[in-house]
Amino acid sequence: MAAAASFSSSSSCVLRSGLLPLRRWRVLSRPAPEAAYGTSSSPRSAASDEATIISGTKLAKQVLKEVQRDVESWISLGNRRPHLTVILVGDNPASHIYVRNKIKAAAAVDHIDERTICNAIAPEKDVDGFHVINMGRLCLDQPSIIPATAAAVWEIIKRTGIQTFGKNVVVAGRSKNVGMPISMLLHTDGEHERPGGDATVTITHRYTPKEQLKIHTQLADIVIVAAGIPKLITTDMVKEGAAVIDVGINHIHDPLTGKTKLVGDVDFEEVKKKAGFITPVPGGVGPMTVAMLLKNTLIVAKKLIY
């Protein structure tokens, strides 16, 4: 189930399950942003034949610095500082497991409907961009609150200088909160009210046979993976020099350490030898998603969409 979020004149709310602590967010001062990718005309590292690794952490620092500047400017005009309200149940790991199990149990008997919850948020306060009106505006190329993960991928592509015009893109994953909005951003007209990427986009999903997925990805200039399957994308599936954006979040057992580690949907160590650009997990799309959520909160506070 996706989290839903909303904003009021002084707060926004990420809908989870449990208590309602109000936490004021403040973008901390950060050092000057560093380059998040190589400056060479070739995307590959000058020192090797490996892909340029896109640091989502460094790009997120750039976005947060911009948000900080805009927040302080907003406050200086006499406006209230934006707030983010998070609805959680403590920090006890056992409590999180308990809540997760309750959600699963409730969903099984149809007591929780994700779409109903998302649509209960006023669209002009929907910082997650999940409301049906925001989704509809996104699909019609109109200004809207863009779901944070999709916005993060789009921002990474733009700030890294990856070209989308006329390019072939494969999006592996069709979720309404990630895969679908990413696809909409990339394929729509760059001259519309909400400019898109003018790319040719193919959307694949869990029922796309692996051999068919491989045919599509081998032709793609950009591969975006949000399927939740470790090592779904391997080096033989990627075109030489392609940009690979990994949105996957998977916890797997590491046989070398005996511990659980976080990995994406891409065989990172092998694919980076062939790709032109690649995002790591962790440190790629994740930090940018958080940054874009805060940017969305400021946009909603300033009523720049509605």
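The buried residues of helix 6 are where I begin: G179, M180, P181, I182, S183, M184, L185 and L186. Buried here stands for under 20% relative accessible area, with exposed for over 50% and partly exposed in between, using a 1.4 Å probe and protein chains only. Helix 6 covers residues 179-187, and 8 of its 9 residues are buried, so the rest of the structure largely encloses it. Helices (H or I, at least four residues) and strands (E, at least two) are DSSP runs, numbered from the N terminus. The cover over those buried residues includes helix 4 (132-139), helix 5 (148-160), strand 6 (168-172), strand 7 (200-204) and strand 8 (222-225).

I should state the basis of these values. This is a predicted model, in which local features need pLDDT of at least 70 and side-chain atom pairs count only at pLDDT 80 or more, while totals for chains, interfaces and linings use all residues. Residues are numbered from 1 along each chain as its sequence is written, and side-chain values use heavy atoms, with hydrogens and water left out. The term pLDDT is the predictor's confidence in each residue, from 0 to 100. Its mean for the protein is 81, and 75% of the residues reach 70 or more. Over residues 6-42, however, pLDDT stays under 50. Where pLDDT is low, the predicted coordinates should not be read in detail.

Let me return to helix 6 and its partner, helix 5. These two pack at an angle of about 35°, their axes 8 Å apart; axes are lines fitted to C-alpha atoms, for helices over the stretch in contact, and angles run from 0 to 180 degrees between N-to-C directions. Helix 5 passes helix 6 in a right-handed crossing, the near helix being turned clockwise from the far one by less than a right angle, whereas anticlockwise would be left-handed. From helix 5, A150, A151, V153, W154 and I157 meet P181, I182, L185 and L186 of helix 6, where contact means heavy atoms within 4.5 Å. By class, this contact has 9 nonpolar, no polar and no charged residues. Nonpolar covers Ala, Val, Leu, Ile, Met, Phe, Trp, Tyr, Cys and Pro, charged covers Asp, Glu, Lys and Arg, and the others, Gly among them, are polar.

A second helix pair is helix 1 (residues 56-76) with helix 9 (residues 285-301), packed at about 20° with axes 8 Å apart. That makes helix 1 roughly parallel to helix 9, a term for angles under 35 degrees; over 145 is roughly antiparallel, 65 to 115 roughly perpendicular and the rest oblique. Helix 1 passes helix 9 in a left-handed crossing. The contact includes L59, V63 and W74 of helix 1 and M288, M292 and L298 of helix 9. Its residues divide into 14 nonpolar, 2 polar and 2 charged.

Finally, the backbone. Most residues other than glycine have a negative phi, and most peptide bonds are trans. D141, in the loop between helix 4 and helix 5, has phi near 65° and is buried at 6% relative accessible area. K231, in the loop between strand 8 and strand 9 (243-246), has a positive phi of about 55° and is exposed at 53%. The peptide bond from V281 to P282 is cis, with omega near 0°; P282 belongs to the loop between strand 12 (277-278) and helix 9.
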